[in-house]
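Subject: Structure for you to look through

Dear colleague,

Here is the structure I promised to pass on to you. Please open it beside this message and follow along as you read.

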Amino acid sequence: MAWRIILFFLGLCGVETVFGQTDSVAVRLQQVKLAENDSVRLKYADEISGYLEKIPYGQYAQLPAVQFLGYRKCVNDDAELFSWTVPLQQGQMFYNWFRFKEGNRSYYLKSLSTAECERPAWLYYDFIRFENQKTVYFVLLGWNKTRNSNRKIVQICRFQPDGSISFDHKLMRRKNSRSASLSFEYALDGSMMLKQDKKGKRIIFDHLAPIDKKYEGYYMFYGPDASYDALLLKGEEWWYQENVKQ
């Protein structure tokens, strides 16, 4: 009986420890929101991954969600994604922290999004595993915004053994062309559906069009036109399909 009591209290201590880490994350995110200058915001935001590392894999999904912290469990792999944003005086800093159950591997991607950046930064909100020629890849779904528009993206990546993430993998096909990413841009006050479907076998999204033909090419005036397109995993590659059913 005494041993059962000891084990019971040890279990409670473990639960309290996990709650303590999520509380620390919640506090840091609130401090980010309230901080008056960029250096302080970034200091608090940089500490968040350290607290997440102390939460055992998979346990966060069983806890109350932390405000301002994005979380997604991969639908077809033992992997999870945490993401958070820091608003800056000029742009935003995006944080994406991926963790894999196997080997307790983690990948940390921190990137600055400003109008001056040559390559857009992305805040990822979902990811899907697939294989091509016995190599494991992932599709990442992400978002960012400019002064005048929203953007979304589908990207192919590989989590490398050395801890890096590579992106130049042209495993999407549209007729005779191949690409490693597919991006979208639409109105700042609009919304666009871009999500996975069919248990990681299909990615479906709104077809975007200008609100008037005179705005062709001006993406701040684009939005969904009530039709849908998709990427379908077929033959170990993602094929573009037009006018599909949701």
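Ile211 has a relative accessible area of 64% and is therefore exposed, since a residue counts as exposed when that value is over 50%. Please keep in mind, here and below, that this is a predicted model. Ile211 sits in the loop between strand 13 and strand 14, and together with Tyr218, Met220 and Phe221 it makes a nonpolar surface patch of about 400 Å².

The two strands on either side of that loop are a good place to continue. Strand 13, which covers residues 202-210, and strand 14, which covers residues 222-234, pair in the antiparallel sense over 8 bridges. You can find one contact between them by looking at Leu208, whose bridge partner in strand 14 is Pro224. As background, the strands of a sheet pair through backbone hydrogen bonds, and the pairing may be either parallel or antiparallel.

Strand 14 also pairs with strand 15 (residues 237-241), again in the antiparallel sense, over 5 bridges. Here the bridge partner of Ala230 is Gln241, in strand 15. Strand 14 and strand 15 form a hairpin with 2 residues between them, and Gly235, which lies in the turn, has a positive phi of about 65°.

These strands belong to a wider arrangement, in which 6 strands form an open sheet in the order 10-9-15-14-13-12, with mixed pairing. Strand 10 (177-179) and strand 12 (194-197) stand at the edges and have a single partner strand each, so one side of each is left without a neighbour in the sheet. From one strand to the next, the twist averages 30°.

Beyond the hairpin, in the segment after strand 15, you will find Gln246. Its relative accessibility is 53%, so Gln246 counts as exposed. Gln246 and Tyr228 are 18 residues apart in sequence, and their C-alpha atoms are 6.7 Å apart in space.

For another pair to examine, turn to Leu109, which is found in strand 4 (residues 105-113). With a relative accessible area of 22%, Leu109 is partly exposed. Leu109 and Tyr137 are separated by 28 residues in sequence and, from C-alpha to C-alpha, by 17 Å in space.

Finally, how many disulfides does a search of the whole structure find? The search finds 0, and Cys74, for instance, is in no disulfide, with the nearest cysteine sulfur, that of Cys157, 10 Å away. Seen from the other side, the closest cysteine sulfur to that of Cys157 is the one in Cys74, and 10 Å is too far for a bond, because a disulfide needs the two sulfur atoms to be within 2.5 Å. Cys74 has a relative accessible area of 2% and is buried, and Cys157, at 0%, is buried as well; the cut-off behind that word is a relative accessible area under 20%.

With best wishes,
A colleague

Notes: Residues numbered from 1 in each chain as written. Predicted model: local features only at pLDDT ≥ 70, side-chain atom pairs only at ≥ 80, totals over all residues. Heavy atoms only, no water. Pairing = 2+ DSSP bridges. Helix = DSSP H or I, 4+ residues; strand = E, 2+ residues; numbered from the N terminus. Axes fitted to C-alpha atoms, helices over the stretch in contact; angles between N-to-C directions. Patch = residues over 30% accessible without salt bridge, like charges linked within 9 Å, V, L, I, M, F, W, Y side chains within 5 Å. Areas by Shrake-Rupley, 256 points an atom, 1.4 Å probe, with all protein chains shown as cover. Salt bridge = Lys/Arg side-chain N within 4 Å of Asp/Glu carboxyl O. Buried < 20%, exposed > 50% of the residue type's maximum accessible area, 1.4 Å probe, protein only.
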